Amino acid sequence: MSQKTLTENAAAGGLDASPEASSKRWWILAVVALAQLMVVLDATIVNIALPSAQADLGFSDGNRQWIVTAYALAFASLLLLGGRIADLFGRKPAFLIGVVGFAAVSALGGAATNFEMLVTARALQGAFGALLAPAALSLLNTTFTDAKERAKAFSVYGAIAGAGGAVGLLLGGILTDALDWRWTLYVNVVIAVVAFVGGWFLLSNHRDAANSKLDVPGTILVAAGLFAVVYGFSNAETHDWSSPETWGFLIAGGVLLAAFTWWQTKAAHPLLPLRILLDRNRAASFFAVLISGAGMFGVFLFLTYYLQLNLGFSPTKTGVAFLPMVAALMVMAQLGTTVLVPRIGPKTVVPLGFAISVVGMAWLTGIGNDTAYLTAVLPQLIIIGAGLGLVMPAAMQLATGGVAAEDAGVASATVNAMQQVGGSIGTALLNTLAASAATDYLAGKDASSKLVQAQATIESYTTAFWWSAGFFAAGALIAFLLYRRGVPEQDADAAPVVHM
């Protein structure tokens with residue numbers, strides 16, 4: 001491919017192909033990765049600090065879940081809008097406003113004097129995160145136009161997206177133990193300063209969809225639909241599945257999302273052009289991200305409970321316990337995106353990653369009250385991390401590869417929405433199934449016995465792990481059926497991937 005062609009395509013992504021721009025790309029990756037880490041961290045970093053925050057602010061157990069849910073609701077429902085804003089008005093301002101806003105409301109949450117103030121700050125974090133996350137991913141997509149460099153960049157980004165939850169648990173534990181729960185929010189200010197300075201000097205603004213208009217009806221339909229779906233699944237944790245507050249919102253969400261899909265076929269400037277969804281590899285990648293998000297909560301959520309409540313780990317020690325999984329994920333992310341996918345294609349690599357994760361999750365069901373971390377948890381975590389390292393970065397790369405530059409923001413937002421909705425579905429389903437398993441085990445037994453209670457919790461954890469294994473098995477089958485055979489064209493030919 002000629003240097004002229006490379007220059008033209010690179011310019012289409014908002015970055016020229018000069019040697020200076022080439023050296024800037026890796027610094028841009030560092031800034032984008034840092035911003036993405038901040039967003040992903042906040043999905044879990046506050047979880048470990050919740051007991052301390054509850055004791056300090058005096059809110060009830062029933063209200064506790066809303067500290068997590070408020071973030072998820074705002075983030076999921078506004079992601080597509082945030083992605084389109086980045087396309088319409090420029091990725092640099094969207095990125096910088098997202099960083100500054102996220103930092104400001106994090107400081108507000110850290111200074112919270114009551115429950116209402118904290119929940120408001122968390123919801124605003126989700127809103128600014130919905131602007132920041134798709135801007136960051138689309139910047140990556142349009143900055144790295146060479147296939148080999150792009151694979152390396154997405155191996156880093158995908159590893160952060162997959163491992164960020166575990167890093168959040170570690171950092172949350174350290175900050176809560178060493179300082180105060182408020183620092184799980186204040187830490188974002190420190191991260192944001194670095195990301196803002198880097199973004200201000202390194203990024204150039206490019207409005208690929210400047211001639212388009214915002215699809216207001218589509219925005220309202222998809223925001224309300226995603227809100228209803230996430231809210232419905234969140235209610236399943238505190239209400240019965242037969243409650244109207246659960247199935248009513250789920251049905252409403254489904255209807256609204258169906259109406260949104262219909263509207264996208266009629267709108268002059270659709271919020272989510274359906275051409276983004278109709279590519280087989282891209283659709284398979286969206287499903288892979290959705291299922292990964294659902295299954296990962298079986299690891300993070302219930303294994304956190306097991307380590308702290310059954311094995312007596314401190315918050316910091318619990319976070320450290322997840323580090324081998326993070327290391328395995330990052331190693332396999334590099335191998336998968338830079339070596340395996342370009343050589344044998346995603347139809348083999350992604351299902352293989354899911355299958356490896358199935359083995360790890362199934363093996364993890366062998367935990368008990370008298371088992372040790374080194375034998376019953378550590379090997380399994382490494383295997384799960386290795387499997388997810390083959391799935392997440394490759395799926396994220398393929399989900400945004402080949403997208404026209406003017407659609408990069410909304411395609412990136414769709415990836416983030418899939419991960420967030422998958423996490424919400426996984427949390428609700430696994431919590432409900434785990435609670436039912438514990439109740440069934442206690443039936444006919446002496447519930448006052450500490451030994452019986454401890455075994456009931458083990459039953460709940462292992463049930464969640466089996467279902468997570470089932471999610472990953474379904475992911476392997478769907479990925480195998482949907483992904484096209486062979487190596488993706490942009491990897492095979494080392495062609496720029498900004499245009500379809």
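**Entry 1: a salt-bridge network**

I began with charged side chains and found that D56, D180 and R182 are linked in a network of salt bridges. I note that the model is predicted. Side chains of opposite charge can pair when their charged atoms come close.

I looked up the two contacts of R182 in turn. The side chain of R182 meets that of D56 in a salt bridge, with 3.2 Å from N to O. D56 belongs to helix α3, whereas R182 sits in the loop between α7 (147-178) and α8, so this pair ties together parts that are 126 residues apart in sequence. R182 also forms a salt bridge with D180, and here the closest N and O atoms are 4.0 Å apart.

I then asked which members of the network are buried and which are partly exposed. R182 has 18% relative accessibility and counts as buried, because the cut-off for buried is under 20%. D56, at 43%, counts as partly exposed. D180 is partly exposed as well, with a relative accessible area of 29%.

**Entry 2: a salt bridge elsewhere in the chain**

I recorded a count of 3 salt bridges for the structure. One of them joins R484 and D279, whose closest N and O atoms are 3.3 Å apart. R484 lies in the loop between α19 (450-482) and α20 (489-492), and D279 lies in the loop between α11 (275-278) and α12 (280-310), so the pair ties together parts that are 205 residues apart in sequence. R484 is partly exposed, with a relative accessible area of 35%. D279 counts as partly exposed at 23% relative accessibility.

**Entry 3: enclosed space**

I next searched for cavities. Rolling a probe the size of a water molecule over the atoms shows where empty space is left. The structure holds 2 cavities of 30 Å³ or more, and I examined the second largest, which has a volume of about 30 Å³. Its lining consists of V46, A49, A53, I67, L118, W181, T184 and L185.

Which helix gives the most to this lining? I found that α3 does, with 3 residues. Both α3 (45-57) and α8 supply at least two lining residues each.

**Entry 4: two helices**

I returned to α8, which spans residues 183-202 and contains V194. V194 helps to make a nonpolar surface patch of about 590 Å², together with V189, V193, V197, W200 and F201.

Lastly, I checked helix α5 (residues 91-110). Its 20 residues reach 28 Å from the first C-alpha to the last, close to the 28 Å expected. Helix α5 is mostly covered, with 14 of its 20 residues buried.

Note on methods: Residues are numbered from 1 along each chain as its sequence is written. This is a predicted model: local features need pLDDT of at least 70, side-chain atom pairs count only at pLDDT 80 or more; totals for chains, interfaces and linings use all residues. Side-chain values use heavy atoms; hydrogens and water are left out. Helices (H or I, at least four residues) and strands (E, at least two) are DSSP runs, numbered from the N terminus. The expected span of a helix is 1.5 Å times one less than its number of residues. Buried means under 20% relative accessible area, exposed over 50%, partly exposed in between (1.4 Å probe, protein chains only). Patches are made of residues with over 30% relative accessible area and no salt bridge: like charges are joined within 9 Å, nonpolar side chains (Val, Leu, Ile, Met, Phe, Trp, Tyr) within 5 Å. Accessible areas come from the Shrake-Rupley method with a 1.4 Å probe; for residues, only the protein chains shown count as cover. On a 1 Å grid over the protein atoms alone, a cavity is a set of points where a 1.4 Å probe fits but cannot get out, and a pocket is an open set with protein on both sides within 12 Å along at least five of seven lines; lining residues have an atom within 4 Å of a point. Grid points are joined across faces, edges and corners, and a volume is the space filled by probe spheres set on the points.
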